[in-house]
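Me: I'm new to this one, so I'd like to go through it slowly and ask why things get the labels they do. Could you show me the structure?

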Amino acid sequence: MQFTPQSNKMHIAVFGKRNAGKSSLINALTGKSTLLVSDEPGTTAEPIFQYVEIKNVGTAIIVDTAGIDDADLFRVQKTREVMDLTDLGIMIFSDEAGDYKLEKEWVHELDKRNIPVIGVIAKTDDHYVDIDSLKATLNVPIVKLSVKRNSNLGSLRHAMSALAPAEFERNSIVGDLVNLGDLVVMVMPEMIPAPKYRLVASQQQILRDLLDHHAIALSVTEEELPELLARLNKLPDLVITDSQVFDRVNEIIPASVPLTTFAILMARFKGDLKTFVTGAAMISSLKPGDKVLLSEACIHHPHNGEIDRMLVKAKLQEMAGGGLDITTSVGPDFPDDVSSYKLIVHCGGCIFNRKQLMMRLRSSGVQNVPITNYGIAFAYFHGILPRVLEVLEVKA
């Protein structure tokens with residue numbers, strides 16, 4: 001827990017043609033010769049993630065990508081997928097003949113996704129570039145620099161700081177729900193597998209957020225929850241539980257005590273809670289033959305995700321009367337066309353940055369497909385969604 005999760009850092013992606021100087025620029029910005037640099041085009045085959053310090057932002061993630069003109073379509077697709085997690089884009093213009101048609105297409109695509117872009121002319125020693133024309137055409141700031149001579153990198157750093165989106169993530173996960181000294185009980189069942197001496201990602205992050213806001217956090221399994229309450233001289237100000245034991249915890253906790261789940265807090269932190277809640281209402285309308293997409297952030301998804309997946313599948317089939325056509329996507333493999341689905345149910349996205357999850361909400365919204373979240377679906381299944389949303393002042 002000593003490091004801020006990578007998913008909570010701002011992501012800056014560097015785009016450009018092969019041999020445009022992307023890796024050299026990142027090495028210069030990070031002050032490390034970590035990335036392989038070669039005159040041979042296509043040296044970078046897949047996205048590579050590095051840390052970089054940005055004024056007024058702190059530590060960010062900077063992503064090196066394959067050339068947007070790469071002949072290997074798989075590499076180009078991997079670069080396109082990086083757009084979904086990009087908070088700030090850097091496009092390097094490097095064509096000596098001044099043909100920037102491809103770069104302009106990518107800048108326009110980033111703009112459609114509401115991603116701010118900085119244009120960079122990095123090889124100023126090699127050729128002349130009409131910067132004024134680029135600025136007028138693209139309406140993005142252009143920075144002219146030389147990595148070879150280490151000149152004008154400060155201007156790029158300044159632009160990165162100035163254009164860094166203020167809302168790349170919410171200020172906190174739970175901090176706005178607690179006051180100084182509030183007593184918060186976190187119910188974490190033993191049946192949730194995690195590596196020895198570790199907590200699952202959502203629990204780690206919420207615990208740290210509570211400590212940062214000077215709340216008094218107590219953790220307990222559902223078996224020991226009644227004993228804990230008996231020992232306390234006051235009721236908790238907030239209880240946060242895992243979705244899978246919500247029913248039992250809801251029976252134990254007095255109705256006057258605010259109660260929510262880790263998954264719902266993460267849904268609010270990573271995505272848009274109202275969109276997820278609206279999507280959950282579609283569950284009761286599902287009929288046999290309807291297509292449903294379950295989407296998960298983890299590529300291999302550890303045991304907890306597999307349990308969630310099985311429980312969601314079983315409950316959806318039960319509520320629809322069976323016969324649903326349910327498919328699963330994992331990691332970055334989210335379909336471009338989701339229009340045939342009646343509903344998308346997404347995991348908590350704890351390893352995604354907010355941009356990634358919001359892009360999926362955007363895609364489903366454009367195609368008029370309702371989307372909800374595993375934790376919200378569990379609460380809906382058990383009829384307690386209004387209860388868990390009450391503390392968040394959102395109506396089911």
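Me: Why is Y100 called buried?
Reply: This is a predicted model, and in it Y100 has a relative accessible area of 7%. Buried means under 20%, so Y100 gets the label.

Me: And what makes F93 buried?
Reply: The reasoning runs along familiar lines: F93 has a relative accessible area of 1%. That is under 20%, so F93 counts as buried.

Me: How do you know that F93 and Y100 form an aromatic pair, and what makes it edge-to-face?
Reply: Their rings are 5.3 Å apart, centre to centre, and a pair needs centres within 6.5 Å. The planes stand at 90 degrees to each other, and over 60 counts as edge-to-face. A search of the whole structure turns up three aromatic pairs.

Me: Why is the pair of F378 and F381 called edge-to-face?
Reply: The ring centres are 6.3 Å apart, which is within the 6.5 Å limit, and the planes are at 85 degrees, which is over 60, so edge-to-face it is. Both residues are in helix α13 (residues 374-381), three residues apart, or about one turn of the helix. F378 and F381 are both buried, too.

Me: What makes you say that K291 lies over the face of Y341?
Reply: K291 is 4.7 Å from the ring centre of Y341. The distance limit for a charge over a ring is 6 Å, and K291 does lie over the face of that ring.

Me: Let's try T260. How do you know that T260 is buried?
Reply: Its relative accessibility is 0% and the cut-off is under 20%, so T260 counts as buried. You'll find T260 in strand β10 (residues 259-261). Leaving out residues up to four places away in sequence, T260 touches several others, including L238, F246, L265 and V391.

Me: What makes the approach of T260 to V388 a polar contact?
Reply: A polar atom of the T260 side chain lies 3.1 Å from the backbone oxygen of V388, and the limit is 3.5 Å.

Me: Why is strand β7 described as largely enclosed?
Reply: Five of the five residues of β7 (residues 183-187) are buried, so the rest of the structure largely encloses the strand. L183, V185 and V187 point one way, while V184 and M186 point the other way.

Me: How do you know that β7 pairs with β8 and with β9?
Reply: Pairing takes at least two bridges. β7 has five with strand β8 (residues 216-220), in the parallel sense, and four with strand β9 (residues 238-241), also parallel. As examples, L183 is bridged to I216 in β8, and V185 to V239 in β9.

Me: There's also a six-strand sheet; why are β2 and β6 called its edges?
Reply: The strands run in the order β2-β3-β1-β4-β5-β6, as an open sheet with mixed pairing. β2 (48-54) and β6 (142-144) each have a single partner strand, so one side of each has no neighbour in the sheet. From one strand to the next, the twist averages 25 degrees.

Me: And what makes β5 a partner of β6?
Reply: Three bridges join β5 (residues 117-121) to β6, and the two run parallel. Since at least two bridges are needed, the three here are enough for a pair. Within this pairing, V120 stands opposite V143 in β6.

Methods:
Residues numbered from 1 in each chain as written. Predicted model: local features only at pLDDT ≥ 70, side-chain atom pairs only at ≥ 80, totals over all residues. Heavy atoms only, no water. Phe/Tyr/Trp six-rings, centres within 6.5 Å; stacked < 30°, edge-to-face > 60°. Buried < 20%, exposed > 50% of the residue type's maximum accessible area, 1.4 Å probe, protein only. Lys NZ or Arg CZ within 6 Å of the ring centre and 35° of its normal. Polar contact = N/O pair within 3.5 Å; in protein donor to acceptor, adjacent residues only side chain to side chain. Contact = heavy atoms within 4.5 Å. Axes fitted to C-alpha atoms, helices over the stretch in contact; angles between N-to-C directions.
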